[in-house]
Structures are given as C-alpha cells and as structure tokens.
Amino acid sequence: MHSFPDINLVIAHQLEAEKLINLFSMERVESERYKLYRNSAGMKAIVSGMGFNNAKAATDYLAEIEERGDRVRAWLNIGIAGHQSAVIGSCFTINKITYKTSGVSSFPIQIFSDVPSIGLASVDNPELNYPGDVVYDMEAAGFFKAASKFSETELINSIKVISDNKTSSIDNITEKLIENLMVKTVAHVEPVVSVLKKRLAILNKGLVLDRDCLDMVKSIHLTVSQRNQFK
C-alpha cells in the first residue's frame, strides 16, 4: 500500500467500498452512525448510504470528526452510475455535477489526464431513460455540496463506473457485477489519489503560516473554507 494521508473517500454502498478498503489496507474504526474505515497513513473511507441527503450528511460527519489543524484534505466520491450508451465497466471522472431536483450545477476542476471526464446528473430516484450524454447517480451532488465547505474545488472529485445503460438496465445489477466493476475501478483510483496527494503536498506546504497569523484567523471566526481561501 502506498501512503495517501489527508484523502477521504465517500462511498454509497458497502459492496462498492470493499475493494477500496482492501486496496488501501483500511480497518474499521468505531463510529455509532456510519461504517468508517482508516489506514495507518490517515486515509479514511465512509459508507454513506444512497441519495443526496445521505451523501451530504456522511461527508459533513467525516469532516466534523477530522483531527483539527491547518491541513487541507482531498475528497473523492467513488461508485457506480448509469449512462445511455457507455460500455458497462467504463470509468469516468466528473467535470460537471447537476442536481436535477434543484437544477444547481457545480464544476469539479479536472486535474487528471488518464481518466476521461464527463458530466453527471444526480437524481433522487433511479434514472431509466438516461437522457443526454451524462452519467446518472444519486450521491455526487450531495457529496460535492458538503465537501466544498471543507476543501478546495480542485481537491474534490468523483470517479464513476458504468453499471447500467439502455441495453442493460439496473435490473441486471447484481452483487457479483458490482464486485467485478469495482475491480475495474480500483485500477483508476490509485493514479487519481496519487495526483491528489501531490496537489495536497503543495497546498498544505503553502498553508504553513506563523502563529500570529493563525491566531488572527481564529479570532475572526472564519469557516474552514474561508480560512483556507484567506491563507
């Protein structure tokens, strides 16, 4: 296992999480609300459950229990998604997230060159018709909304693997299929977190300030995001 501190994974389902937990040698840690995992380097994963609100709440929770300090963390949402025609098992990073219920869009910054990017629509119920050239999930919008309060946009990303399309509906999704899809996905995850690690190292080095400045920031009660922007 390579060392990837300061990176948090938010995953909807336990089945989606298992391969990632193994990949990064994570162990279960005590939590009354969520299945929460951590490795010796400090990388964490949380299993959120399905939907916008669950993803948002889990991301908020993980940020709230983080060790306090002046380090920025990266956030990565990983899971299955649908698309009208993309081949089952195709992997994408996400360059636009639209929450269909509100119409609000967010624009993750693309810092990865090895994985193709695409737009995503987050829905409250499974999409069966897949209109437009976007992938469909139920968590990315809630995840991004919450993570944006705690980190920089370039450090908040999603990786989605196609599990269903017009010729193979959600009715064909099985535990075995999810397991096989996540095997394909983990091959893309480690290069992505490697890029995030490099960006984190640069940013966190730049955030080292003298004590007087840190005390001033604390005295004016900025949020975590505002404090990072100020630095």
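**Pocket, core strand and backbone in a predicted model**

User: Which residues lie nearest the centre of the largest pocket?

Analyst: In this predicted model, the lining of the largest pocket counts 24 residues. The pocket has a volume of about 380 Å³. Nearest its centre lie M50, I80, M138, I170 and I173.

User: Which element gives the largest share of the lining of the largest pocket?

Analyst: Four elements give two or more residues to that lining: α1 (14–23), β5 (74–82), β9 (135–137) and β10 (156–164). The largest share is 5 residues. That share comes from β5.

User: How many residues of that lining are nonpolar?

Analyst: The lining of the largest pocket is mixed in character. It has 6 charged residues and 5 polar ones. The nonpolar residues number 13.

User: Is β10 largely enclosed or open?

Analyst: Burial settles this one. Of the 9 residues of β10, 9 are buried, so the rest of the structure surrounds the strand. β10 is largely enclosed.

User: Which residue of β10 is the bridge partner of I80?

Analyst: β5 and β10 run parallel and are joined by 8 bridges. β10 also pairs with β6 (91–99). Those two strands run antiparallel, with 3 bridges. There, C91 has V161 as its bridge partner. For I80, the partner in β10 is V161.

User: What does the α2 helix pack against?

Analyst: α2 covers residues 52–64, 13 in number. From first C-alpha to last it reaches 18 Å, close to the 18 Å expected. Its buried residues are F52, A55, A58, T59, D60, Y61, L62 and A63. These pack against β1, β3 (35–38), β4 (44–47), β5, β6 and α3 (140–147).

User: Is D6 buried or exposed?

Analyst: D6 sits in the segment before β1 (7–11). Its phi is near 65°, a positive value in a residue other than glycine. Most residues other than glycine have a negative phi. The relative accessibility of D6 is 9%, and the cut-off for burial is under 20%, so D6 counts as buried.

User: What burial class does S25 fall in?

Analyst: S25 is in the loop between α1 and β2 (27–29). Here too phi is positive, about 50°, although S25 is not a glycine. Its relative accessibility is 43%, which lies between the 20% and 50% cut-offs, so S25 counts as partly exposed.

How values were computed. Residues numbered from 1 in each chain as written. Predicted model: local features only at pLDDT ≥ 70, side-chain atom pairs only at ≥ 80, totals over all residues. Heavy atoms only, no water. 1 Å grid on protein atoms, 1.4 Å probe; cavity = no way out; pocket = protein on both sides within 12 Å on 5 of 7 lines; lining within 4 Å. Points joined across faces, edges and corners; volume = space filled by probe spheres on them. Nonpolar A, V, L, I, M, F, W, Y, C, P; charged D, E, K, R; others polar. Buried < 20%, exposed > 50% of the residue type's maximum accessible area, 1.4 Å probe, protein only. Expected span 1.5 Å × (residues − 1). Contact = heavy atoms within 4.5 Å. Pairing = 2+ DSSP bridges.
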